Amino acid sequence: MQVLKFGGTSVANASNINKAVDIVREAAKKDKTIVVVSALGGITDALLQCGSLAAAEDETYKQHLQSIEQRHLETVKALIPITHQSSALSLVKKRCNELEDICNGVCLLGELSVRTRDKILSYGELLSSHIVSARLATMGEGNAWKDSRELIRTDSQFGYAVVDFEKTSELMKEYFAGTPESLFVVPGFIASDSKGATTTLGRGGSDYTAAIFAAAVHARVVEIWTDVSGMMTADPRLVPNAKVIPNISYQEAMELSHFGAKVIYPPTIQPVMNKGIPVWIKNTFSPDHAGTLIEKVASRNGSSIRGISSINHIALLSLEGSGMVGIPGFSKRLFEALSNEKINVILITQASSEHSICVGVEQAGALRAKDAVDKAFDYEIRSGKVEPLVIESELAIVALVGDNMKSHPGISGKMFGSLGRNGVNVRAIAQGSSERNISAVIANGDVRKAINILHEEFFETTHKQLNLFVVGTGNVGSRLLAQLKQQYDYLLEHLRLQVRVIGLANSKKMIFSDEGIDLDQWTDALEAGEHMNLSNFIEVIRSKNLRNSVFVDITANEQVGTSYASLLQKSISVVACNKIACSAPFVYYKKLKNLTREYNASFFFETNVGAGLPVIGTLNDLLRSGDKVNRIEAVLSGTLNFVFNHYKGDKSFASVVKQAQDEGYTEPDPRLDLSGTDVMRKIMILAREAGERIEMEDITNQSFMPASCMTGSVSEFYKAMEAEEAHFKKLYQDAAQEGKKLKFVAKYEKGKASVGLQHISEDHDFYHLYGKDNIVLFYTDRYPEQPLVVKGAGAGAEVTASGVFADVIRAASA
């Protein structure tokens, strides 16, 4: 014999019922079959509402009853040929009249007892199972409808009745032995006590009904037909990449179900587990899908983890005090106090010092729990031996579940490491000795993020998702977006990295897309976006709370550059092309560095010095490997190198600077480059990375620019340079007469830094530096005379964008 159970969505309407009937007819060809039917989708809640309205003497319950009756009558008319409708319609009318009489009585009394509530709720399954039975009969499938209340015996704990399995088994064996039919239809969820009063089996009651029938008749299999194709590795509403679990053990299924997996409920599994009866979770709307098989020993899935689940709206209750240490009985009294209030304990954790004990309960019962526990420990609290119970609300539990975790080292480390790297704070931890479940208490707001992190860590061998929030869409920003688009497939194939731009902003507009902004259409999308407000932009990033988030700053904006702290504090990594943060006062620079360590975030700024050249990375590698930097000499301005490589006195200095600006080598205001301020920032950043505490005012700047050129607007600046052409020509001629070239050189040695224009001889490394190239010479303990040289293009949108891109990839790998 086999048992098939159909949930509310599977019998929600005539179309769905026809699908269920087709499945039953196919199954009935193979074996004797018991069909367990839930109420039509939404009817149980509607019945409960009717009872509540009636108890409140609200006459609108009658309208709700009429809607319930009408829905069932319409379902009958859609399923049963008109020549056979009368008996089914009469039965629906009869049941609905009974239901109305009960609700009328509730209204007169102004009271809804738990017993009457169970009676009202029973009509959902009674009506739906009659309709399914009638439909099968009209299809030529003879069947016996049987009231489950006559076969399942329980105690009188209405709402959550406890089954008397011995009596139930006796009744079922007697019935099925004396009934010739091979197809049976029964209502789920309902039973009766020894006096014949209707009881219900609680949450997941119809699943439980199926398991009770299966255990009593020693069924070959139980099939739970629902609206999903089996149990999933995680909730698909939270994790788009969740996968169906093909095989799972009874214990694993119960663990996942306990922690929020709604496909099946723990009591369902107990009766069939005791008899070793396999359970299939199948999809009514995709019947050919294999679904999930729950059995005694599940085949290995190649992972130690079978699934991830969660429970929201948890409160953590903490009882602590020095008076608990070494004194037996505290835990007993705590759990007794909670038990007396019928408060279910979901999670328990206790420090080995015995100084404190924490329990997780549903948030709705937290205040009752506090009253009960504080009362139970009143003497200890008044005498100062124990603190009053502390409640922490708005929490959730996430759990990893898998039989194969047992004695498998590294699972906990991997779990908590991945959560920590993404800024998910773990408030409490619990793991049973079976090692089948590792649970962590976290903030409610972190659940979606945490489950996606864990799913990616343990199940997604295909790719890691990186979520970017980019500010700045000028020359460099637009090139970066083009490079991201170009390399999307490469990164996915070779690095298993899915890079998505979730947020994008410039100085005027900002846009967000949880699915990723289309990089073919970003300009139009941004143009149509909302007004840019940096505070709002950052708040959206923080509130989205996405895993593997990276903030990319491709501006020269001071407000953006000083906003990184609030992002790092949420474990959001920062990639900065903007030099403001790292050249800010040392205290702020150091604060950002400390935040990266404290919150497990990355802060990369390679393009602050040398555009796409690996200058800062090389410096850090030297230091990490134990080398010591004694001196740095560098040409760090691609703009100035371009200008002095192209200025020969035959055309004005101003025109050469304009050429550099037009080709995208200068800052928006070229004076930042020509004044030496930008180079000062760069050498200061290198000195800081080398371990030096240094500020801008500590750096000597031997500027070559006349004071007249450094005031007014940019257009006035160009006019002033034209007026000062003789000054610039003399600079060039003085160097040329010595057979030397002009280079703007930055130097750091023995804690001192300076920048300035120098005459460079032919035998120097800087002499053959052409175009917009930069060069950095690192003199270290290991490179005392022949320096380590980093040389290459030090300006230009394309190479700078590639440097930012490289930092983004580093952030993904950190």
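1. Let's start with a term: two strands pair if DSSP finds at least two bridges between them. Helices (H or I, at least four residues) and strands (E, at least two) are DSSP runs, numbered from the N terminus. With that in hand, look at Lys509, which stands opposite His531 in β20. Strand β19 (residues 509-512) and β20 pair in the antiparallel sense over 2 bridges.

2. Before going on, a word on what you're looking at: this is a predicted model, where local features need pLDDT of at least 70, side-chain atom pairs count only at pLDDT 80 or more, and totals for chains, interfaces and linings use all residues. Residues are numbered from 1 along each chain as its sequence is written, and side-chain values use heavy atoms, with hydrogens and water left out.

3. Now the sheet that β19 and β20 belong to. It is an open sheet of 7 strands, running β20-β19-β18-β17-β21-β22-β23, and its pairing is mixed. At its edges sit β20 (530-531) and β23 (603-604), each pairing on one side only.

4. There's another open sheet to trace, with 8 strands in the order β3-β4-β2-β1-β7-β9-β10-β8 and mixed pairing too. Here the edge strands, each paired on one side only, are β3 (144-145) and β8 (247-249). Within this sheet, β9 (residues 279-283) and β10 (residues 292-295) are antiparallel partners over 3 bridges. If you want a spot to click on, try Ile281, whose bridge partner in β10 is Thr292.

5. On to helix packing. Axes are lines fitted to C-alpha atoms, for helices over the stretch in contact, and angles run from 0 to 180 degrees between N-to-C directions. Angles under 35 degrees count as roughly parallel, over 145 as roughly antiparallel, 65 to 115 as roughly perpendicular and the rest as oblique. Helix α1 (residues 14-28) packs on helix α5 (residues 114-138) at about 60 degrees, with the axes 10 Å apart, so α1 and α5 are oblique to each other.

6. Compare helix α3 (residues 61-79) and helix α4 (residues 85-109): their axes come within 10 Å and cross at roughly 165 degrees. That makes α3 roughly antiparallel to α4.

7. Next, α15 and α28, whose axes come within 9 Å and cross at roughly 45 degrees. That makes α15 oblique to α28.

8. Both of those last helices turn up again at the second largest pocket: the elements giving two or more residues to its lining are α15 (475-495), α18 (558-561), α22 (638-646), α24 (671-674), α25 (677-689) and α28 (797-813). A pocket, on a 1 Å grid over the protein atoms alone, is an open set of points where a 1.4 Å probe fits, with protein on both sides within 12 Å along at least five of seven lines; lining residues have an atom within 4 Å of a point. Of the 44 lining residues, the closest to the pocket's centre are Val476, Thr555, Ala556, Glu667 and Pro668.
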